[in-house]
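Here is a conversation for a first-year student who wants to know how the words used for a protein model are justified. Please look at the sequence and the structure first, and then follow the reasoning step by step.

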Amino acid sequence: AHTIESIACLRQALTELFPHQRLLLVLGMAADKKVADIIATLAPIAHEVIVTRFSSPRAYDPQHLAALLQSHGLPVTIIPDPTAALALARQRATPADLICVTGSLLLLGELKARLQGLPLEF
């Protein structure tokens with residue numbers, strides 16, 4: 001999810017399908033999105049956030065993203081490398097927890113390529 005509308009749908013799906021799971025977010029966003037609105041929508045359901053950055057000049061600064069999340073009372077860790085961010089989420093999660101990578105299709109594409117050992121094409 002990368003728009004306020006898709007984030008609202010994601011929030012609804014996560015709360016309906018996984019109502020009792022602890023939610024760890026791996027989050028990286030583009031600077032041209034409604035970042036504050038998206039954070040306000042996700043913050044109430046998240047338990048922990050790992051902020052990362054995808055390889056694009058459009059990526060939102062992880063420090064600024066972390067500050068917005070912390071203003072909602074969330075524990076935040078900044079891990080600039082997306083693969084390392086996902087690895088940390090997996091390390092911190094218990095079998096009952098839910099990990100959700102969201103915020104940008106560019107982030108998901110980069111993670112998929114890296115996990116499959118493919119070169120980045122953007």
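**From the core to the surface**

Q: Which residues have the most contacts inside the largest nonpolar core, and how many residues does this core have?
A: In this predicted model, the largest nonpolar core has 24 residues, and those with the most contacts inside it are Leu27, Met29, Leu42, Val49, Leu65 and Leu69. Two or more residues each come from helix H1 (4-17), strand E1 (23-27), H2, strand E2 (48-51), helix H3 (62-70) and strand E4 (98-102). Of these elements, H2 gives the most to this core, with four residues.

Q: What makes a set of residues a nonpolar core?
A: The residues must be buried, must belong to a list of kinds that includes Ala, Val, Leu, Ile, Met and Phe, and must be joined through side-chain atoms within 4.5 Å. In soluble globular proteins, nonpolar side chains tend to be buried together. A second, separate core, with 12 residues, includes Phe54, Ala59, Ala85 and Leu86.

Q: Why is Leu27 called buried or exposed?
A: The relative accessibility of Leu27 is 0%, and buried means under 20%, so Leu27 counts as buried. Leu27 lies in strand E1, and, when residues up to four places away in sequence are not counted, it touches Ile39, Leu42, Val49, Ile50, Val51, Thr52, Leu65, Leu69, Thr102, Gly103 and Leu107. Phe54 is 27 residues away from Leu27 along the chain, and the C-alpha atoms of the two are separated by 9.8 Å.

Q: Which residues are in contact with Leu69, leaving aside its neighbours within four places in sequence?
A: Leu69 is in contact with Leu27, Ile39, Val49, Val51, Leu74 and Val76, where contact means that heavy atoms lie within 4.5 Å.

Q: How do you know whether Ala36 and Glu16 are buried, partly exposed or exposed?
A: Ala36, which is found in helix H2 (residues 35-42), has a relative accessibility of 45%; because partly exposed covers the range between under 20% and over 50%, Ala36 counts as partly exposed. Glu16, placed in helix H1, has a relative accessibility of 54%, and exposed means over 50%, so Glu16 counts as exposed.

Q: How many of the residues in the protein chain are buried, as a percentage?
A: Buried residues make up 41% of the 122 residues in the protein chain.

Q: How many helices and strands does the protein chain have, and what makes it as compact as a globular protein of that length?
A: The protein chain has five helices and four strands, which run α-β-α-β-α-β-α-β-α from the N terminus on. Its radius of gyration is 13 Å, and the globule rule gives 14 Å for 122 residues; the two values are close, so the chain is as compact as a globular protein of that length. Along its principal axes, the C-alpha trace spans about 35 × 30 × 25 Å.

Q: What share of the contacts with a separation of 6 or more comes from residues 24 or more positions apart?
A: Such residues account for 76% of those contacts in the protein chain.

Q: What is known about the exposed area and the charges of the protein chain?
A: The protein chain exposes about 6,300 Å², and carbon and sulfur atoms supply 57% of it. As for the charges, the mean positions of the 10 positive and 10 negative ones are 1 Å apart.

Definitions and conventions. Residues are numbered from 1 along each chain as its sequence is written. This is a predicted model: local features need pLDDT of at least 70, side-chain atom pairs count only at pLDDT 80 or more; totals for chains, interfaces and linings use all residues. Side-chain values use heavy atoms; hydrogens and water are left out. The radius of gyration is taken over C-alpha atoms; the globule rule is 2.2 Å times the number of residues to the power 0.38. Buried means under 20% relative accessible area, exposed over 50%, partly exposed in between (1.4 Å probe, protein chains only). Accessible areas come from the Shrake-Rupley method with a 1.4 Å probe; for residues, only the protein chains shown count as cover. Lys and Arg count as positive and Asp and Glu as negative; His and the chain ends are not counted. The place of a charge is taken as NZ of Lys, CZ of Arg, CG of Asp or CD of Glu.
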